[in-house]
Amino acid sequence: MTELQGPLTALESAPLALVIDLVRSGRARTRPELVTATGLSRKIITQRVEQAIDAGLLAEDGLAPSSGGRQPRLLRFRADAGHVYAALLGASEMTVAVADLDGRLIEDVHEDWSVEDGPDETMEHVRRHFDHLAQKTRLGRPWAIGIGVPGPVDFSTGRLVAPPIMPGWDGFSVRSWLRDHYDAPVWVDNDVNLMALGEWTRGSAPDGRDMLFMKVGTGVGAGLVVRGRLLRGQRGAAGDIGHTHITDDPAKVCRCGKTGCLEAVASGWALLIEATERAAESPAFSAAIRRRGHLTLADVGAAVVAADDLARELVGRAARTIATVAANLVNFCNPGALVLGGGVLRTGGYFLDVFREVILRRVTDLAGQGLEVRAASMDHMEGVTGAALLAVEHLFNPATLPRWVEDGSPLGHAADLQRLSNAFS
Ligand SMILES: [Zn+2]
């Protein structure tokens with residue numbers, strides 16, 4: 001590790017990163033708790049806490065209840081010491097935000113946007129939102145940027161790889177584009193992974209159990225958090241289940257170019273094609289087409305809520321198909337929670353009811369024990385929150401933190417941090 005020369009070597013500063021991480025994650029709140037949690041001596045802990053306070057990353061905040069002797073001082077992580085930019089691109093919308101170092105959103109903006117407009121226009125648009133939010137919040141340069149995209153991302157390079165619904169993006173490096181415009185480290189991930197990360201960390205029931213997150217909207221995907229970490233696999237492709245082969249029906253042509261994919265049978269776009277073909281059978285669909293000339297998923301969702309027979313037939317069938325695949329995944333990885341997110345939540349509780357019933361019927365007894373099947377709880381903000389958390393986690397991991405902690409901020413270290421964190425991921 002000779003490349004990490006400086007007043008603090010990686011080995012020496014590892015306890016500092018650990019101390020900050022324990023306070024940041026809420027696992028320790030006082031110096032005695034840090035001693036217990038780390039097994040390090042009181043002297044080392046005292047030194048490291050002073051360093052962290054000097055660096056502006058921890059602060060003292062009142063007194064903890066006494067456990068007998070003197071009341072220990074409470075420590076808190078200074079989430080306001082810096083901020084990150086976060087963005088989540090969906091197929092047809094984007095959410096862009098500025099967040100603090102706890103990944104909590106300070107300002108955000110949501111807009112309909114088609115990624116089919118291509119990488120340059122889309123990224124310019126993201127940049128305009130970032131710059132606007134920067135003006136609005138009057139915060140300086142971001143410490144890092146996290147961004148999610150609706151396609152497969154090679155996590156180590158931040159490049160899209162053959163994304164089925166993003167024409168013109170194949171091989172495009174979201175990371176390089178943002179690095180050229182902001183001197184900040186950038187981490188890029190698949191949108192569903194970030195939804196899983198956001199929901200696992202900040203959702204209604206953050207209980208630490210493993211979580212399988214299923215996104216069902218225009219497309220279908222999954223994200224898995226195991227022991228607090230996203231499972232990305234070797235290159236970042238884990239969870240990309242939308243193009244799993246589920247039928248030999250050659251008529252089920254997928255947007256990826258293959259036939260018989262899960263998405264070709266049960267995704268929002270496939271459902272919309274069938275709903276349009278059969279619209280005459282449904283008063284709700286017929287009315288929507290007369291009004292606008294075409295159907296949208298919002299129309300289908302509203303028709304389901306209004307108990308339209310055809311809408312319920314199509315959505316119920318999609319729910320059963322996706323649940324069958326999800327049940328197989330539950331049997332494989334045995335999560336504590338199976339969370340459903342994406343545009344499908346706009347169908348009221350109908351999809352979730354069908355989905356849950358099939359899941360509980362199809363999973364093995366042991367995998368089903370205590371399995372919670374529920375809807376995502378963050379009103380569609382879990383993805384952008386996950387993007388912020390992605391950036392923060394990579395700034396504060398044991399590989400990157402030693403590089404910048406003595407300066408009190410990672411500004412100016414972008415290239416190093418990017419490289420070091422790849423070794424950690
Ligand atoms: Zn496909």
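**Warm-up.** Does E313 count as buried, partly exposed or exposed, and at what relative accessibility? Start with the cut-offs: buried is under 20% relative accessible area, exposed is over 50%, and partly exposed is in between (1.4 Å probe, protein chains only). E313 has 36% relative accessibility, so E313 counts as partly exposed.

Before the rest, some ground rules. This is a predicted model, where local features need pLDDT of at least 70, side-chain atom pairs count only at pLDDT 80 or more, and totals for chains, interfaces and linings use all residues. Residues are numbered from 1 along each chain as its sequence is written, and side-chain values use heavy atoms, with hydrogens and water left out.

**Exercise 1.** Work out the strand order of the sheet that holds strand 10, then find the helix that packs on it.

*Step 1.* Get the elements: helices (H or I, at least four residues) and strands (E, at least two) are DSSP runs, numbered from the N terminus. Two strands pair if DSSP finds at least two bridges between them.

*Step 2.* Reading across gives 12-11-10-13-14, an open sheet of five strands with mixed pairing. At the edges sit strand 12 (229-230) and strand 14 (372-375), each pairing on one side only.

*Step 3.* Zoom in on strand 10 (residues 211-216) and strand 11 (residues 220-226): they are antiparallel, with six bridges. M211 has V225 in strand 11 as its bridge partner.

*Step 4.* Now the helix. Helix 6 (residues 191-202) packs on this sheet and touches strand 10, strand 11, strand 12, strand 13 (337-341) and strand 14. Contact here means heavy atoms within 4.5 Å. The direction of helix 6 makes about 130° with that of strand 10; axes are lines fitted to C-alpha atoms, for helices over the stretch in contact, and angles run from 0 to 180 degrees between N-to-C directions.

**Exercise 2.** Find salt bridges that link distant parts of the chain.

*Step 1.* Side chains of opposite charge can pair when their charged atoms come close. The test is a side-chain nitrogen of Lys or Arg within 4 Å of a carboxyl oxygen of Asp or Glu. Searching the whole structure turns up 30 salt bridges.

*Step 2.* Take D191 and K215, whose closest N and O atoms are 3.1 Å apart. D191 is in helix 6 and K215 in strand 10, 24 residues apart. Both D191 and K215 are buried.

*Step 3.* Next, R374 and E199 meet at 2.8 Å, N to O. R374 belongs to strand 14 and E199 to helix 6, 175 residues apart. R374 and E199 are both buried.

*Step 4.* Back to the warm-up residue: E313 forms a salt bridge with R278, at 3.1 Å between the closest N and O atoms. R278 lies in the loop between helix 8 (268-277) and helix 9 (283-292) and E313 in helix 11 (residues 309-333), so this pair ties together parts 35 residues apart in sequence.

*Step 5.* Look for shared partners: E199, D207, R209, E372 and R374 are joined into one network.

**Exercise 3.** Describe the other five-strand sheet, with order 5-4-3-6-9.

*Step 1.* This sheet is open too, with mixed pairing. Its edge strands are strand 5 (105-112) and strand 9 (186-190), and the twist averages 15° from one strand to the next.

*Step 2.* Strand 6 (residues 145-149) runs parallel to strand 9, joined by five bridges. I147 stands opposite V188 in strand 9.

*Step 3.* Helix 5 (residues 174-181) lies across strand 6 and strand 9, at about 150° to strand 9.
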